[in-house]
Amino acid sequence: MLSFASSLSPDSDAFVIFVTEKYVYKDKRDVLSSDTVQKINSFLSVLKVKKKEEDISSIDISDRQKCFIIRVKNKYNSYFPQERGGAFFSHLKKFKDIGKVDLYPDSLDFDSDKLVGFFSEFIFGFSLKSYKFNKYKTLDKKEIDKKINFKIVTSNRSKIEKKYKYYDAIREGVFLTRDLVSEPPNILNPKAYVSEIKKLSRLGLNIKIYNEKEMKKLGLNALLGVGQGSVNESYLVAIEWKGKKQSSQKPLAFVGKGVCFDTGGISLKPAKFMEEMKYDMAGSAVVVGLLKSFALRKAKINAVGVVGLVENMPGGNAQRPGDIVKSFSGKTIEVLNTDAEGRLVLADALSFTEKKYKPKFIIDLATLTGAIIISLGEEYAGLFSNNDELSKNIFKSSENVNEKVWRLPLHKNYDKLMNSTIADVQNINYVGGAGAITAAQFLQRFILNKTPWAHLDIAGMAFSKKAANLNPGGATGFGVRLLNYLVKEYYE
Ligand code: BES
Ligand code: ZN
Ligand code: ZN
């Protein structure tokens, strides 16, 4: 929760004012002493002369209180205000003994709506960047859990609170995604994952769980084949959100790859970096986080999230290269490489979702291929789609929230590479090259009724050893902000 105060507190370690591009600010609430104003003004005049382009500066008001000055561009939206908040978090972290900070948004010389717009995103970005996953740290707990105490001095309290509520719903979604991705694979096996998802029913989400017995009956054999080498049972989970009065409204569908650990199976991966394959469930974690956000912000849409949860292990009962499975769609798949398992899970999850929910569109997310990392690195997710309008909307959203995507082609000549000699389709392309595209072509074969569909290959985006503008490193939660924006802007 945000906390507010009517004036700056004399015992805070720092306070923050916001100035325009031209270093102008207002003391609308008359909370700055004349001595403070003088100090700030003379500092700003130096900055102006030096023409320093820095966003964040600070001065000592006294020997125990600092003033941070944040410069805000007039067209602030194109400068990603959330990322300004993230940058301020990193800046503040450098000052070890700052524990109490007052924020004074009304100092910004914008009209009140613009000011609230900027400030709410700023706070949102700050909190995204402050994420920590330290539940398995037992030493130095106190130091690790240290929090900064904030107070906001403003006349726009109710407007800020309203916006904050919206962004906080998204933050909770992002944090859930990051938590799930960060959990070690011995803890977050498919069954434990199902228990985590079940907890969301408190928020009004309807959770449907399909265990192995039920999946066998339904014929989800492509998904089941991936999990058969593991002692941990596989699951398919549907998370339904009905936020629209007319429940007949077609839902928006989100499908996620939830491979809780990907050893490669019998087509075993090399040992180096194999531990990273605990995040092979990130696509599903985005879907779960997104649906949590929808529920928390009471999105006026009908939506469904479907996640296939499996563990890809070698073992006496594991799937073999060469096995042929009959998928939910009826198509037979020759499994030439058991490490191309995500597409097998998604194949069934996609055709199941299309058949059962007849959605307006389906967007799937998956850490699907190493090839997408070779193409786009850690900058862009790969976007593949059978629909230009959906693609365009995703692209525009990605530009807006700065979770970048880049569309790559689908083409019948790539599709041909997935023809099997003895089954309907094979799970890898033996010609070589275009690995992310041929994976997407494989998925497209399981969209049977021309439903608008987009596939996001987030293998390079879900997790990073490096910190970025809005995360401290580790699980990023990439996709939750993107898809929330897409829904809010184009479908709600
Ligand atoms: N989970 C991997 C893809 C991956 C690789 C995600 C690196 C994140 C980082 C996927 O299941 C996989 O193993 N794909 C293979 C496909 C190949 C066998 C056709 C790959 O990309 O090497
Ligand atoms: Zn794999
Ligand atoms: Zn995988």
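This report walks through two zinc ions, a bound ligand and a few single residues in a predicted model.

**The first zinc ion**

Let's start with the zinc ion called ligand 2. Its protein donors are Asp262 (OD), Asp339 (O), Asp339 (OD) and Glu341 (OE), at 2.0 to 2.2 Å. Notice that Asp339 shows up twice in that list, once with O and once with OD. If you read along the sequence, the donor residues of this zinc ion follow the spacing D-x76-D-x1-E. What about the geometry around the zinc ion (ligand 2)? The angles subtended by its 6 donor atoms run from 71 to 165 degrees, which makes the arrangement irregular.

Where do two of these donors sit in the fold? Aspartate 262 belongs to strand β9 (residues 252-262), while glutamate 341 is in the loop between β12 (332-335) and α10 (342-357), so the pair ties together parts that are 79 residues apart in sequence. Are aspartate 262 and glutamate 341 buried or exposed? Both are buried.

**The second zinc ion**

The zinc ion (ligand 3) lies 3.2 Å from the zinc ion (ligand 2), and aspartate 262 coordinates both. For ligand 3, the protein donors are Lys257 (NZ), Asp262 (OD), Asp280 (OD) and Glu341 (OE), which lie 1.9 to 2.4 Å from the ion. Their spacing along the chain is K-x4-D-x17-D-x60-E. Here the 6 donor atoms subtend angles of 78 to 174 degrees, which makes the arrangement octahedral.

This site brings parts of the chain together too. Lysine 257 lies in strand β9 and glutamate 341 in the loop between β12 and α10, so this pair links parts that are 84 residues apart in sequence. Lysine 257 is buried, just like glutamate 341.

**What surrounds ligand 1**

Now for ligand 1. There are 17 residues around it, and Lys269, Asp280, Asp339, Glu341 and Gly370 come nearest. What kinds of residues make up the shell around ligand 1? They split into 6 nonpolar, 4 polar and 7 charged.

Here are three of the polar contacts, side by side:

| Side chain | Atom of ligand 1 | Distance |
|---|---|---|
| Lysine 269 | oxygen | 2.8 Å |
| Aspartate 280 | nitrogen | 2.8 Å |
| Glutamate 341 | oxygen | 2.8 Å |

How much of ligand 1 does the protein bury? Taken alone, ligand 1 exposes 520 Å², and the protein buries 78% of that.

Some of these names should ring a bell. Asp280 and Glu341 are among the residues nearest to ligand 1, and both also appear among the donors of the zinc ion (ligand 3). Asp339, another of the nearest residues, is a donor to the zinc ion (ligand 2).

**Two residues to look up**

Threonine 263 is found in the loop between β9 and α9 (282-296). Its relative accessibility is 7%, so threonine 263 counts as buried. A polar atom of the threonine 263 side chain lies 2.6 Å from the backbone oxygen of asparagine 312.

Tyrosine 23 is also a loop residue, placed between β2 (14-20) and α1 (34-50). Why does tyrosine 23 count as buried? The reason is its relative accessibility of 9%, because a residue is called buried when that value is under 20%. For a sense of scale, try finding tyrosine 23 and lysine 450: they are 427 residues apart in sequence and 54 Å apart in space, C-alpha to C-alpha.

How values were computed: Residues numbered from 1 in each chain as written. Chains lettered and ligands numbered in written order. Predicted model: local features only at pLDDT ≥ 70, side-chain atom pairs only at ≥ 80, totals over all residues. Heavy atoms only, no water. Donors = N, O, S within 2.8 Å, 3.2 Å for Na, K, Ca; no water. Tetrahedral: all angles 85-135°; square planar, octahedral: opposite > 155°, others 65-115°. Helix = DSSP H or I, 4+ residues; strand = E, 2+ residues; numbered from the N terminus. Buried < 20%, exposed > 50% of the residue type's maximum accessible area, 1.4 Å probe, protein only. Near = heavy atom within 4 Å. Polar contact = N/O pair within 3.5 Å; in protein donor to acceptor, adjacent residues only side chain to side chain. Areas by Shrake-Rupley, 256 points an atom, 1.4 Å probe, with all protein chains shown as cover. Nonpolar A, V, L, I, M, F, W, Y, C, P; charged D, E, K, R; others polar.
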